[in-house]
Amino acid sequence: MSNQNLTFCESRMKSYLQAIGRRIKIARFILSISILSSFLFTGCKTPSSKENDGTSNKAFEDYSASFIEALWKQNPDWATTAGYHKYDSILVIPDRNSINASLKFAKNQLDSLAAMDPKLLSAANQTDFYLIQNLLKESQWNYDTLKSYQWDPSSYNVSGTFAFILTENYAPLDKRLKSINGRLVNVPEYYKAAKNIISNPVPELLNLAVDQNLGGLSVFENDLLDSLKVSTLSASEKKQITERSAKAVAAIKDYTKWLKELKSEKPRSFRLGKELYGRKFAHNIQSAYTADQIYDSAVARKEEVQLKMALISRQLWPKYFGTKPMPKDSLELIGKMIDTLSVNHVKQQDFQTAISDIIPGLNKFINDKKLITLDPTKPLIVRKEPAYMAGVAGASISAPGPYDKGGNTYYNVGSITNWPKEKAESYLREYNHYIMQILDIHEAIPGHYTQLVYANQSPSLIKSLLGNGAMIEGWAVYTEQMMLENGFGNNQPEMWLMWYKWHLRTVCNTILDYSVHAGNMSKDEAMHLLIKEAFQQKAEAEGKWKRVSVSNVQLTSYYTGYKEIIDLRRDYKAKLGDKFNLKSFHEKFLSYGSTPVKYIKTLMLEK
Ligand code: ZN
Ligand code: ZN
């Protein structure tokens, strides 16, 4: 699959990569591509069972507000893309001074936190406390141990925030152009500092840096100049911006040229290495499990899922193949059944409508089965994908950023009407009759959209900025299974088989990521895993290899979150016995906002 064929989950991944990119910017100064949507993550107001007279909460909330102000001052780019525009005209130069300033910031803030006792806080504040603490520790670790600012040249790229300021309509164009004028000044120094700090870069990340920086040139060479034409700035201001922009372009070109000519004595491997991987997993995913445990669990899950798929395929064989002999090899058998079932798909021109048409049925099913309360005052607004998002097919949720409370949340559904026939056919086979429904469950109801509505019931800026990706993705993955368990799709074996295939990708993402970065998995071994054992198309598998060679850990978030939720449900059931009710479990779980599942677990199982 090409980039445009990103599956739903994959496109969500991309947006999390961006979100994570913004977080890590504390350590890496990177600018990620502008965010089309950011999610509002929130907390809940459940009081802690511990003694609580309110003064501790008040003190923490004051601290939290001042922390965010300080965070923005320290990270102007992150502030801009989060919708806080006080520092738009500042571009931080990524030199030793700024690293020291970031380390000092982390230490001071951690000292402030150390003076407070999280046990005295409400559940919502307690989880905010841990999210802040984790972010700061991660930042320290990034600087003193991981040091990716030295070996990852792709962490230096200015174009993303410039593009964000140009395209997001949060202020009049002239005002935004003035900010751009301000931040342009430091671009040459920015790249000079990057060249000073880079040593023995990872070759794959070096290539990525070249591609992405060159890709970002159009922001200056086209978009900025076009915007200048329609602005009402004075002629001298326009001239100044044009000149500064030309210097920025020259600096970017010089950086990419320098990278291409760079001779490293011993370039760092793209593999993170077992020890760093374990630490990064702990910081990023914030799971109760270690990376090793999640890997072992994913391997066992893969075997289990393949076994179930073989059983279903044997059962379905006569229906689709009559008396034709069944392949002896069970993976081959499953592959044949999947190929056959994938033919059941809508017509190219009907794709967009078909995706929207599934939603009312999901609503009804959830209400009939009493799986979770869907707020009738907040129906999902389905819209045809807006032009600026065109190209990303499938479906995605756009939610307003944390500083844009009045904004609408949309379910964007893309069209593939204008795609070439062959490309569309391959996409439609992937998003066949069965997978389309699972896509809507994952993305919309009761997956991401429903989670978002619950999270918004008591907003916390901290959770909206630092919310846990594994919890969010884990919930969406969990709901797919939960809907099928409750009879969605009439328990059709076809539906289960296709879901298992979809689910296997989540499982294999974890196996792949761990095996490559904590182990030594070769490309051939990776291809075998994805194509033979997880039934993926070659192009999709190739794309995944490329991705795992320039990213790490994030691919494990889906399966980890899913597993933790399944485990929590089991434990909660054991705790409540006859009193267990699935609907209350879901509503209670979601009431804590986008908090790492391990904290929700403690809060739900305590007492
Ligand atoms: Zn997702
Ligand atoms: Zn077809």
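Author: Buried means under 20% relative accessible area, exposed means over 50%, and partly exposed lies in between. The model discussed here is predicted.

Reader: Is E425 buried, partly exposed or exposed?

Author: E425 has a relative accessible area of 33%. The band between 20% and 50% is the middle class. E425 is therefore partly exposed.

Reader: Which residues supply the protein donors of the zinc ion (ligand 2)?

Author: The donor atoms lie 2.1 to 2.6 Å from the zinc ion (ligand 2). One is NE2 of a histidine, and the others are two OE atoms of a glutamate. The residues are H345 and E425.

Reader: How many residues apart in sequence are the parts that H345 and E425 tie together?

Author: H345 sits in the loop between α15 and α16 (351-357). E425 belongs to helix α18 (residues 421-430). So the pair ties together parts that are 80 residues apart.

Reader: What arrangement do the four donor atoms make around the zinc ion (ligand 1)?

Author: The donors are H442 (NE2), H448 (NE2), E473 (OE) and E473 (OE), at 2.0 to 2.7 Å. Tetrahedral would need all angles between 85 and 135 degrees. Here the angles run from 52 to 158°, which makes the arrangement irregular.

Reader: What is the sequence spacing of the donor residues of the zinc ion (ligand 1)?

Author: The order is histidine, histidine, glutamate, spaced H-x5-H-x24-E. H448 is in helix α20 (residues 448-455) and E473 in helix α22 (residues 469-485), so this pair links distant parts of the chain. H448 is buried at 1% relative accessibility, and E473 is buried at 0%. The spacing is H-x5-H-x24-E.

Reader: Which peptide bond is cis, with omega near 0°?

Author: The proline of this bond, P446, is in the loop between α19 (433-443) and α20. The residue before the proline is an isoleucine. The cis bond runs from I445 to P446.

Reader: Are α15 and α23 roughly parallel or roughly perpendicular?

Author: The axes of helix α15 (residues 330-341) and helix α23 (residues 493-517) come within 11 Å and cross at roughly 110°. Angles of 65 to 115 degrees form one class. The two helices are therefore roughly perpendicular.

Reader: Which residues of α23 meet α15?

Author: From α15, the contact uses I334, M337, I338 and L341. By class, the contact has six nonpolar, no polar and two charged residues. On the α23 side are E494, L497, M498 and K501.

Reader: Is V553 buried or exposed?

Author: V553 is in the loop between α25 (538-548) and α26 (557-576). Its phi is positive, about 75°, although V553 is not a glycine. With a relative accessible area of 0%, V553 is buried.

Note on methods:
Residues numbered from 1 in each chain as written. Chains lettered and ligands numbered in written order. Predicted model: local features only at pLDDT ≥ 70, side-chain atom pairs only at ≥ 80, totals over all residues. Heavy atoms only, no water. Donors = N, O, S within 2.8 Å, 3.2 Å for Na, K, Ca; no water. Tetrahedral: all angles 85-135°; square planar, octahedral: opposite > 155°, others 65-115°. Helix = DSSP H or I, 4+ residues; strand = E, 2+ residues; numbered from the N terminus. Buried < 20%, exposed > 50% of the residue type's maximum accessible area, 1.4 Å probe, protein only. Axes fitted to C-alpha atoms, helices over the stretch in contact; angles between N-to-C directions. Parallel < 35°, antiparallel > 145°, perpendicular 65-115°, else oblique. Contact = heavy atoms within 4.5 Å. Nonpolar A, V, L, I, M, F, W, Y, C, P; charged D, E, K, R; others polar.
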